[in-house]
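Me: Please take a close look at the aromatic pairs of this structure, with the burial of the rings concerned. I would also welcome an account of the charges set over rings and of the main pocket.

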Amino acid sequence: MWVECRVLEVGCGGRRRSLLSMVMRIPCSFWFLLLLGAGGLLLLHLQDLTETLQQQNQGAKVTFSQVQAIRKEQCHYCLDNDRQSDPTEDNFPRPVQPVQLPVFPGVQRSSVINPRDITASHVTKSHRKLLKSSPPDQIRDSTERMTQVQSSRLRLMREVCAKYTSGTAKQPITRMHVSRIYVEDKHKLLYCEVPKVGCSNSKRVLMVLQGLASSTGEIPHDEVHYGNHLKRLDSFNQKGIIQRLKTYTKVLFLREPFERLVSAFRDKFESPNSYYHPVFGKPIISRYRSNATQYALRTGAGVTFKEFIQYLLDVHRPVGMDIHWEPVGHLCSPCLLDYDFIGKFETLEEEANFLLRSIGAPSNLTFPSFKDRNPNAERTSSEITSRYFAQLNVTERQRTYDFYYMDYLMFNYSKPFKDLY
């Protein structure tokens, strides 16, 4: 800029040119000084900006350090991927093993949490009682075992049906086939009643599920059987019957056939009974007892087990069949209805409770174990059954086995006596 002013001065002539040169020289010097001042101000601003950035960076480091401290406090086992692991510290092994929770002030330390236990959080409310009472591994093992048992029983039933009752699947379902089935619509359950297989308590459970009672213990025996509170499947129209058979859980509980037979005999003929003694006892005594007393003929009391078996095996029975000793294959038509769950009396409570959890029943509802009819009498067992069948000859035992042969075969019960074929 100063050189340009000198060039202008040389190029101008006279006094007028000298005055103009002075005027031009002043602004050039002014701009030179102005630029120097602006440069100083810029340097000062850059210095302030650098100090500000340094302070901000220091603050960011403090904040990250605080976050690390908080995370470290909350999770003792968390690892920092940006640093080398200290070999003296506890690290997560791979695969992940059970993790111990950190200790927080005022919170009791839990022992150990296993990642496999995570599934418990997805269990429905109906399983909570079971979860509280049993360790998770026990519950899992029991569930797997029950599932395998059910799969095996259903497979055998279907194989036997396919082999011995060809054409049954094409048979139309009538009201007679479903006359022993009780309906519980809320939990979509169909229960086929097999007498002498805990059916009284099963009906109590159905009544609680249906909301007719708050607990099974408050329902008396007569209310269960004669109160007419439960719907039967044959009370619906054909469309309602078929729809429920397709969409509901169909349940069947059964018992070793000879044991069930002896249990029925003891209950109906060895205890006072205002129905079975006159209706069944009198014709049985009249037909099969040669020197019957007038009292026995008049009351029907005192039928012996041998007389009862003679009646059962007689093709010309003096009185018809009864549901308490009718084969399960006839009562519940398993080959036609294709049940979803088969329970057994020998493990009744365990399997019934497994079923209740499976259908989402209330968690406080369990299968009752009490015996309300003849509570002082000993339950019919295999030993008691053997004592009763010891009163029969080999032919009578064999014929009785033949009578229940399909139940033995379909539901995988062993031959009760070695001399049977």
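Reply: The aromatic pairs come first, followed by the charges over rings and the pocket.

This is a predicted model, in which local features need pLDDT of at least 70 and side-chain atom pairs count only at pLDDT 80 or more, while totals for chains, interfaces and linings use all residues. Residues are numbered from 1 along each chain as its sequence is written, and side-chain values use heavy atoms, with hydrogens and water left out.

The structure holds 27 aromatic pairs; rings of Phe, Tyr and Trp (its six-membered ring) pair if their centres lie within 6.5 Å, and planes under 30 degrees apart count as stacked, over 60 as edge-to-face and the rest as tilted. One of them joins tyrosine 276 and tryptophan 325: the centres are 6.0 Å apart and the planes stand at 65 degrees, so this pair is edge-to-face. Because tyrosine 276 belongs to helix H9 (residues 276-288) and tryptophan 325 to the loop between helix H11 (305-313) and helix H12 (328-331), the pair ties together parts that are 49 residues apart in sequence. Helices here are DSSP runs (H or I, at least four residues), numbered from the N terminus. Tyrosine 276 is buried at 7% relative accessibility, and tryptophan 325 is buried at 0%; buried means under 20% relative accessible area, with a 1.4 Å probe and protein chains only.

Phenylalanine 305 and phenylalanine 308 form a tilted pair, with 6.4 Å from centre to centre and 35 degrees between the planes. These two residues are 3 residues apart in helix H11, so about one helical turn separates them. Phenylalanine 305 is buried, with a relative accessible area of 1%, and phenylalanine 308 is buried as well, at 0%.

Two arginines lie over ring faces. Arginine 244 is 3.8 Å from the ring centre of phenylalanine 236, and arginine 397 is 5.4 Å from that of phenylalanine 417. A charge sits over a ring if NZ of Lys or CZ of Arg is within 6 Å of the ring centre and within 35 degrees of the ring normal.

The lining of the largest pocket comprises 44 residues, of which Lys196, Ser200, His221, Asp267 and Arg373 lie nearest its centre. A pocket is, on a 1 Å grid over the protein atoms alone, an open set of points where a 1.4 Å probe fits, with protein on both sides within 12 Å along at least five of seven lines; lining residues have an atom within 4 Å of a point. Helix H5 gives the largest share of this lining, 5 residues.

Terms used:
Buried < 20%, exposed > 50% of the residue type's maximum accessible area, 1.4 Å probe, protein only.
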